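Thanks for asking me to look this one over. My comments are set out below as numbered points, and I hope they help as you go through the coordinates.

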Amino acid sequence: MPTSEVKYLGGLRTIAKHLQSGNEIITDAPVDNHGKGEAFSPTDLVSTALAQCMITVVGIYAANNDLDIGNVSAEITKFMAADPRRISEIKVDLHFKQHKLSPAQIEKVKRTALTCPVAQSLSESLKQTISFDFD
């Protein structure tokens, strides 16, 4: 069974539907590529998916090991390159606030995040700059 479907809405906008849940995501082309920038661009979604995947696998690891990872959030910055137009770097700043992790557990959480499926699926030529803030 397919995972999702995408339809073109015109005006450089698409709508994607997750077939199992029915959830939908709209994308727009970015302003610097003839679009309106009124929604995530496809490259924004790729960049954001990296952080979401990292947080998800850390959540799974924490649940499986009865760890308190606290309040987790991320800030994502995407850098584009030309010739060909592509994502050249994704910067992810992960923040773990009010966690109850030992130094050894922090290292395992970092390793888990860095080996998430999205990180492992992206091209080796795409620079992934990941920082961790545990306070």
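1. Before anything else, please keep in mind that this is a predicted model. The cysteine pair is where I would start reading. Cys-53 is buried, with a relative accessible area of 13%, and Cys-116 is buried too, at 1%. A search of the whole structure turns up zero disulfides. Cys-53 takes part in no disulfide, and the nearest cysteine sulfur, in Cys-116, lies 3.3 Å away.

2. Why is the sulfur of Cys-116 not bonded to that of Cys-53? The two sulfurs are 3.3 Å apart, which is too far for a bond, because a disulfide calls for cysteine sulfur atoms within 2.5 Å.

3. Now the overall picture. The chain holds three helices and six strands. Read from the N terminus, the elements follow the order β-β-β-α-β-β-α-α-β. Along the principal axes, the C-alpha atoms fill a box of roughly 50 × 35 × 25 Å.

4. Some whole-chain values may be handy for your own checks. The chain has 135 residues, and 29% of them count as buried. Its accessible surface comes to about 8500 Å², with 53% of that belonging to carbon and sulfur atoms. Taking contacts between residues at least 6 apart in sequence, 48% join residues at least 24 apart.

5. Next comes the sheet. Three strands make up an open sheet in the order S1-S2-S3, with antiparallel pairing. S1 (4-10) and S3 stand at the edges with a single partner strand each, so one side of each has no neighbour in the sheet. From one strand to the next, the twist averages 20°.

6. The pairing of S1 with S2 is antiparallel and runs over six bridges. Within it, Val-6 has Ala-16 in S2 as its bridge partner, while Glu-5 stands opposite Lys-17 in S2. The two strands form a hairpin with two residues between them, and Gly-11 in the turn has a positive phi of about 60°.

7. On the other side of the pairing scheme, S2 (residues 13-18) and S3 (residues 24-28) run antiparallel and are joined by five bridges. Arg-13 stands opposite Asp-28 in S3, and Lys-17 stands opposite Glu-24 in S3. Lys-17 is thus worth a look from both directions, since Glu-5 also stands opposite Lys-17. In this hairpin there are five residues between the strands, and Gly-22 takes a positive phi near 85°.

8. A reminder for anyone viewing these strands side-on: in a regular strand the side chains alternate between the two faces of the sheet.

9. Is Asp-93 buried or exposed? Asp-93 counts as buried, at 14% relative accessibility. Asp-93 is placed in strand S5 (residues 86-97). Its side chain joins that of Lys-91 through a polar contact of 2.9 Å. Setting aside residues up to four places away in sequence, Asp-93 touches Ser-73, Ala-74, Glu-75 and Ser-131. If you look at one acidic side chain in detail, I would suggest this one.

10. My last residue is Thr-43, which lies in helix H1 (residues 42-64). With 22% relative accessibility, Thr-43 counts as partly exposed, because buried is reserved for values under 20%. Which residues does Thr-43 contact beyond its neighbours within four places in sequence? They are Lys-78, Met-80 and Ile-87. Thr-43 and Ile-87 are 44 residues apart in sequence, yet their C-alpha atoms are 7.0 Å apart in space.

11. To pull the points together, I would keep three places open in the viewer. The first is the cysteine pair, Cys-53 and Cys-116, with sulfurs 3.3 Å apart. The next is the open sheet of S1-S2-S3, with its positive-phi glycines Gly-11 and Gly-22. The last is Asp-93 with its polar contact to Lys-91.

Notes:
Residues are numbered from 1 along each chain as its sequence is written. This is a predicted model: local features need pLDDT of at least 70, side-chain atom pairs count only at pLDDT 80 or more; totals for chains, interfaces and linings use all residues. Side-chain values use heavy atoms; hydrogens and water are left out. Two strands pair if DSSP finds at least two bridges between them. Helices (H or I, at least four residues) and strands (E, at least two) are DSSP runs, numbered from the N terminus. Buried means under 20% relative accessible area, exposed over 50%, partly exposed in between (1.4 Å probe, protein chains only). A polar contact is a pair of N or O atoms within 3.5 Å; within protein, one must be able to donate a hydrogen and the other to accept it, and residues adjacent in sequence count only if both atoms are side-chain atoms. Contact means heavy atoms within 4.5 Å. Accessible areas come from the Shrake-Rupley method with a 1.4 Å probe; for residues, only the protein chains shown count as cover. Axes are lines fitted to C-alpha atoms, for helices over the stretch in contact, and angles run from 0 to 180 degrees between N-to-C directions.
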